[in-house]
Amino acid sequence: MNQTTRLVLSLTAVLGLAAGCGGDNNKNPMNPGGGGGPADVTVSIVSNAMNAGANAYSPDTATVQVGQTIKWTNNDAMTHTATADAGSFNTGSIGGGSSSSVITISGATGVRAYHCSVAGHNMQGWVKVTP
Ligand SMILES: [Cu+2]
């Protein structure tokens, strides 16, 4: 499987997951709502994410190309964040049932680990950045 095929498959998986969780409420460009409009990839924060560790974000590893965008949708009742361990991105607080702004993933290729910055939350995810 070549790299493009792999990316298409992973994006398809992400989009299918988003649809399974109730879909993207911000698909209408005339009514972007509070979520900041569409993104290349959407990551779900799962229900009861606080203690979910490496399963708190779905997919646990989101794959994007340099310059593509990610939006985190919080499907839990509690507020969470997606905060890069090394500081390259930070959604800030995402209330329960809300979405983050659209975050552009720039810089080098590689894997960026991220976490939720709310005290006491055990939540870990990864963004894999491809050329
Ligand atoms: Cu959290």
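Okay, let's start with a sheet. Four strands make up an open sheet here, in the order 3-8-7-5, and the pairing is mixed. Strand 3 and strand 5, which covers 83–84, sit at the edges with a single partner strand each, so one side of each has no neighbour in the sheet. Before I go on, please keep in mind that this is a predicted model.

Let's look inside that sheet. Strand 3 and strand 8 run parallel, and five bridges pair them. If you want one pair to find on the screen, take glutamine 65, whose bridge partner in strand 8 is threonine 130.

Now over to the edge, to strand 5. That's where you find alanine 84. Is alanine 84 buried, exposed or partly exposed? Count the C-beta neighbours inside 10 Å and you get 17, so alanine 84 counts as partly exposed; the buried class needs 20 or more. What does alanine 84 touch, if we skip residues up to four places away in sequence? The answer is Phe89, Asn90, Arg112 and Tyr114. And here's a nice one about folding back: alanine 84 and alanine 113 are 29 residues apart in sequence, yet their C-alpha atoms are 6.0 Å apart in space.

Let's zoom out for a second. The chain has one helix and eight strands, and if you walk along the sequence the pattern reads α-β-β-β-β-β-β-β-β. There are 131 residues, and 31% of them count as buried. What about contacts across the sequence? Taking contacts with a separation of 6 or more, 62% are between residues 24 or more positions apart.

Okay, on to another sheet. This one is open too, with four strands in the order 2-1-4-6 and mixed pairing. At its edges stand strand 2 and strand 6, residues 103–104; each has a single partner strand, so one side of each is left without a neighbour in the sheet.

Strand 1 is the one I'd like you to stare at. Which strands does it pair with, and in which sense? With strand 4, residues 69–74, strand 1 runs parallel, and five bridges join them. Threonine 42, for example, stands opposite lysine 71 of strand 4. With strand 2, residues 57–58, strand 1 runs antiparallel, through two bridges. There you can spot serine 44 opposite serine 58, and isoleucine 45 with its bridge partner tyrosine 57.

So how enclosed is strand 1? It covers residues 41–45, and five of the five are buried, so the strand is largely enclosed by the rest of the structure. Remember that in a regular strand the side chains alternate between the two faces of the sheet. For strand 1, both faces are covered: Val41, Val43 and Ile45 are buried on one side, and Thr42 and Ser44 are buried on the other.

That brings us to the core. In soluble globular proteins, nonpolar side chains tend to be buried together. In this model the largest nonpolar core has 21 residues, and the ones with the most contacts inside it are Ala56, Val64, Ile70 and Val127. Strand 1, strand 3 (61–65), strand 4 and strand 8 (124–130) each give two or more residues to this core. Which element gives the largest share? That's strand 1, with three residues.

Let's pick out alanine 56 from that group. Leaving out neighbours within four places in sequence, alanine 56 is in contact with Ile45, Val46, Ala49, Cys116, Met123, Gln124 and Gly125.

Now two backbone details in the loops. Between strand 1 and strand 2 there's a loop holding asparagine 48. Its phi is near 60°, a positive value in a residue other than glycine. Asparagine 48 has 12 C-beta neighbours inside 10 Å, so it counts as exposed. The other detail is proline 59, in the loop between strand 2 and strand 3. The peptide bond leading from serine 58 to proline 59 is cis, with omega near 0°.

Last thing, how confident is the predictor? The mean pLDDT of the chain is 82, and 73% of the residues reach 70 or more. But look at residues 1–34: pLDDT stays under 50 there, and for that stretch the model has 34 contacts beyond four places in sequence. Okay, that's me done, over to you for questions.

Definitions and conventions
Residues numbered from 1 in each chain as written. Predicted model: local features only at pLDDT ≥ 70, side-chain atom pairs only at ≥ 80, totals over all residues. Pairing = 2+ DSSP bridges. Core = buried A, V, L, I, M, F, W, Y, C linked by C-beta atoms within 7 Å. Contact = placed C-beta atoms within 7 Å. pLDDT = per-residue confidence, 0-100.
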